[in-house]
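Subject: Structure for you to look at

Hello,

Here is the structure I promised to pass on. Please open it beside this email and follow along.

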Amino acid sequence: MCEKSNLTLKEAAAYSIIGINKLRDLTSDRNCRFVLWVDNKRLIKRRLFDQFIEQEYSI
């Protein structure tokens, strides 16, 4: 999973220990930099997601 550049919500939840529902909330924002939409499927851009996590104090 560490080599993948884009993660599904389930993979991102396991990777970050953030719940899927919270990830859905975060990625529903139109200004979310780390989400990639492929049709109706959300993918998390891992590198940008890591940067986001490092900058946040709490989620």
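Below is what was found, starting with the sheet and ending with one serine. Keep in mind that this is a predicted model.

**The sheet**

Start with the strands. Three of them form an open sheet, in the order E1-E3-E2. The pairing is antiparallel. Strand E1 covers residues 6–7 and strand E2 covers 35–38. These two are the edge strands, and each pairs on one side only.

Next, look at E2 and E3. Strand E3 spans residues 41–45. Four bridges join E2 to E3. To find one of the partners, pick Leu 36: its bridge partner in E3 is Leu 43.

**The helix across it**

Now find helix H3, residues 46–55. Helix H3 lies across E1 and E3. Its direction makes an angle of about 65° with E3.

**The aromatic rings**

How many aromatic pairs does the structure hold? There are two. A pair of aromatic rings is described by two values: the distance of the centres and the angle of the planes.

Take Phe 34 and Phe 49 to begin with. Their rings are 5.1 Å apart, centre to centre, with 50° between the planes. That pair counts as tilted, because stacked needs planes under 30 degrees apart and edge-to-face needs over 60. Phe 34 sits in the loop between helix H2 (20–28) and E2, while Phe 49 sits in helix H3, so this pair ties together parts that are 15 residues apart in sequence.

Are these two rings' residues buried or exposed? Phe 34 has a relative accessible area of 4%, so it is buried. Phe 49 is at 0%, so it counts as buried too.

The other pair is Phe 34 with Phe 52. It is tilted as well: 4.9 Å centre to centre and 40° between the planes. This pair links distant parts of the chain, 18 residues apart. Phe 34 is in the loop between H2 and E2, and Phe 52 is in helix H3.

Put the pairs together. Phe 34, Phe 49 and Phe 52 are linked by ring pairs into a cluster.

**One serine to check**

Last, go to Ser 16 in helix H1, which covers residues 9–16. What does its side chain reach at 2.7 Å? The backbone oxygen of Ala 12. Leaving out residues up to four places away in sequence, Ser 16 touches Phe 49 and Ile 53. Phe 49 is also one of the residues in the ring cluster.

Best wishes

Conventions: Residues numbered from 1 in each chain as written. Predicted model: local features only at pLDDT ≥ 70, side-chain atom pairs only at ≥ 80, totals over all residues. Heavy atoms only, no water. Pairing = 2+ DSSP bridges. Contact = heavy atoms within 4.5 Å. Axes fitted to C-alpha atoms, helices over the stretch in contact; angles between N-to-C directions. Phe/Tyr/Trp six-rings, centres within 6.5 Å; stacked < 30°, edge-to-face > 60°. Buried < 20%, exposed > 50% of the residue type's maximum accessible area, 1.4 Å probe, protein only. Polar contact = N/O pair within 3.5 Å; in protein donor to acceptor, adjacent residues only side chain to side chain.
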